[in-house]
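Welcome! Here are some exercises to help you practise reading a protein structure. Try each task before you look at the solution.

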Amino acid sequence: SNIRKYFSGRQANLFSKPTFVHAVEDVSLALYPGKATALVGESGSGKSTIARLLARMYDPTQGELRFRGQAINLKKRRASVLREYRRHVQLIFQDPFSSLNPVHTIRHHLAGPLHVYRRIRTRAEEEEMLLALLRRVNLEPAEQFIDKYPHQLSGGQRQRIAIARALAVQPEVLLADEPVSMLDVSIRLDILNLLLSLKDEERLALLFITHDIASARYFAEETLVMYAGQLVEGGPSDAVIQQPKHPYTQLLISAAPNPARSNPDTEATPAPVELAARGEIPSLLNPPSGCRFHTRCPHAMPICKERFPGRTDLGDGHWTNCFLYSDRTEDK
Ligand code: SF4
Ligand code: MG
């Protein structure tokens with residue numbers, strides 16, 4: 001709830017004011033068992049920062065993180081609470097090459113987490129669990145993979161190992177940060193389908209981070225759109241992608257190589273914003289005031305520079321933060 005994350009930037013000299021990168025600004029989101037949520041945005045929008053905050057790789061500057069309704073407050077936490085939390089919330093990275101250690105076998109990569117969190121009494125029991133993990137991610141015959149080194153595997157196989165390693169500790173939440181964007185196009189769908197089936201079978205709460213809004217509709221029940229550190233629109237994926245309301249979401253969809261608007265039932269989609277609105281995400285070191293999209297938005301009004309619009313409910317769980325849809329009198 002209301003998570004902010006600022007990183008301190010470099011100071012020009014001893015006497016200059018310290019600078020801050022406003023990476024995540026007032027973000028609230030919820031993940032649920034058995035449900036996939038896509039977090040969509042261009043690179044540099046703060047998506048990975050959110051994944052790392054949720055994984056407790058660092059603390060939020062402000063805001064509260066809750067797990068099963070309980071605040072996971074780092075300042076007051078007991079080490080055991082945090083350890084338990086970290087076990088239940090696993091992160092899969094974009095790059096399956098760098099997340100595995102080249103000098104260790106697959107057995108070594110998987111046995112570590114197994115031993116940390118589960119009681120294994122015999123060698124045979126360990127072997128059985130390791131093979132079951134490999135089968136779980138469709139690496140078969142498992143016996144042939146277990147003693148291999150990462151360099152002997154393809155990118156897709158390595159990503160499967162990274163997924164198996166996350167599963168070894170029986171997590172409840174899986175954060176997948178662009179899990180297929182570095183993989184060959186031909187195997188992306190296989191890995192996405194694997195994540196989907198694991199989500200269903202293990203009732204995982206899945207956060208799927210991507211820059212490709214078209215894949216969000218296929219993959220996730222809910223889609224959240226992020227721009228320059230702020231969430232701008234969210235709701236059921238079909239609604240967000242077929243009837244995008246926020247000018248930035250419309251821009252993303254119009255720029256997608258495989259846009260949802262090729263679907264005949266998306267006729268009602270508002271005209272996409274002018275391509276002239278394309279450009280760079282602004283620097284988060286000194287982000288635009290108010291709605292950070294105002295520097296690119298063709299509909300920007302004076303109020304957009306002054307403050308960030310509150311959330312407007314559009315019905316059926318669909319919402320946006322944009323003054324165009326606000327009916328609050330103070331927003332006029
Ligand atoms: Fe554009 Fe204003 Fe809406 Fe931001 S709040 S997207 S600047 S109209
Ligand atoms: Mg990223």
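The exercises below are about this model, which is predicted.

**Exercise 1. Find the order of the strands in the open sheet, and name its edge strands.**

Solution.
- Start with the whole chain: it has 11 helices and 12 strands.
- Next, follow the sheet from neighbour to neighbour: 8 strands form an open sheet in the order S6-S7-S8-S3-S9-S10-S12-S11, with mixed pairing.
- Then look at the ends: S6 and S11 (312-315) are the edge strands, as each pairs on one side only.
- Finally, look along the sheet: the twist from one strand to the next averages 20 degrees.

**Exercise 2. Work out how strand S9 pairs with S3 and with S10.**

Solution.
- Strands of a sheet pair through backbone hydrogen bonds, and they do so either parallel or antiparallel.
- Take S3 (residues 36-40): it runs parallel to S9, and 4 bridges join the two.
- Within this pair, alanine 38 stands opposite threonine 223, and valine 40 stands opposite valine 225.
- Now take S10 (residues 230-236): it pairs with S9 in the antiparallel sense over 6 bridges.
- Here methionine 226 is the residue opposite leucine 231.
- The hairpin of S9 and S10 has 2 residues between the strands, and alanine 228 takes a positive phi near 50 degrees there.

**Exercise 3. Decide whether S9 is enclosed or open to the outside.**

Solution.
- A residue counts as buried if 20 or more other C-beta atoms lie within 10 Å of its own.
- In a regular strand the side chains alternate between the two faces of the sheet, so check each face in turn.
- On one side Glu222, Leu224 and Met226 are buried, and on the other side Thr223, Val225 and Tyr227 are buried, so both faces are covered.
- That makes 6 of the 6 residues of S9 (residues 222-227), so the strand is largely enclosed by the rest of the structure.
- Helix H10 (residues 247-255) lies across S3, S9 and S10, at about 100 degrees to S9.

**Exercise 4. Is asparagine 101 buried or exposed?**

Solution.
- Locate asparagine 101 first: its loop lies between S6 (89-92) and helix H3 (106-117).
- Count its neighbours: 11 other C-beta atoms lie within 10 Å, so asparagine 101 is exposed.
- Asparagine 101 is also 7.4 Å from proline 150, C-alpha to C-alpha, although they are 49 residues apart in sequence.

**Exercise 5. Describe the shell around ligand 1.**

Solution.
- 14 residues surround ligand 1, and the closest are Cys291, His294, Cys297, Cys304 and Cys322.
- Sorted by class, the shell has 11 nonpolar, 3 polar and no charged residues.

Key:
Residues are numbered from 1 along each chain as its sequence is written. Chains are lettered from A and ligands numbered from 1 in the order in which they are written. This is a predicted model: local features need pLDDT of at least 70, side-chain atom pairs count only at pLDDT 80 or more; totals for chains, interfaces and linings use all residues. A residue is near a molecule or strand if its C-beta atom, placed from the backbone, lies within 6 Å of it. Ala, Val, Leu, Ile, Met, Phe, Trp, Tyr, Cys and Pro count as nonpolar, Asp, Glu, Lys and Arg as charged, and the others, Gly among them, as polar. A residue is buried if 20 or more other C-beta atoms lie within 10 Å of its own, exposed if 12 or fewer, and partly exposed in between; C-beta atoms are placed from the backbone. Two strands pair if DSSP finds at least two bridges between them. Axes are lines fitted to C-alpha atoms, for helices over the stretch in contact, and angles run from 0 to 180 degrees between N-to-C directions. Two residues are in contact if their C-beta atoms, placed from the backbone, lie within 7 Å.
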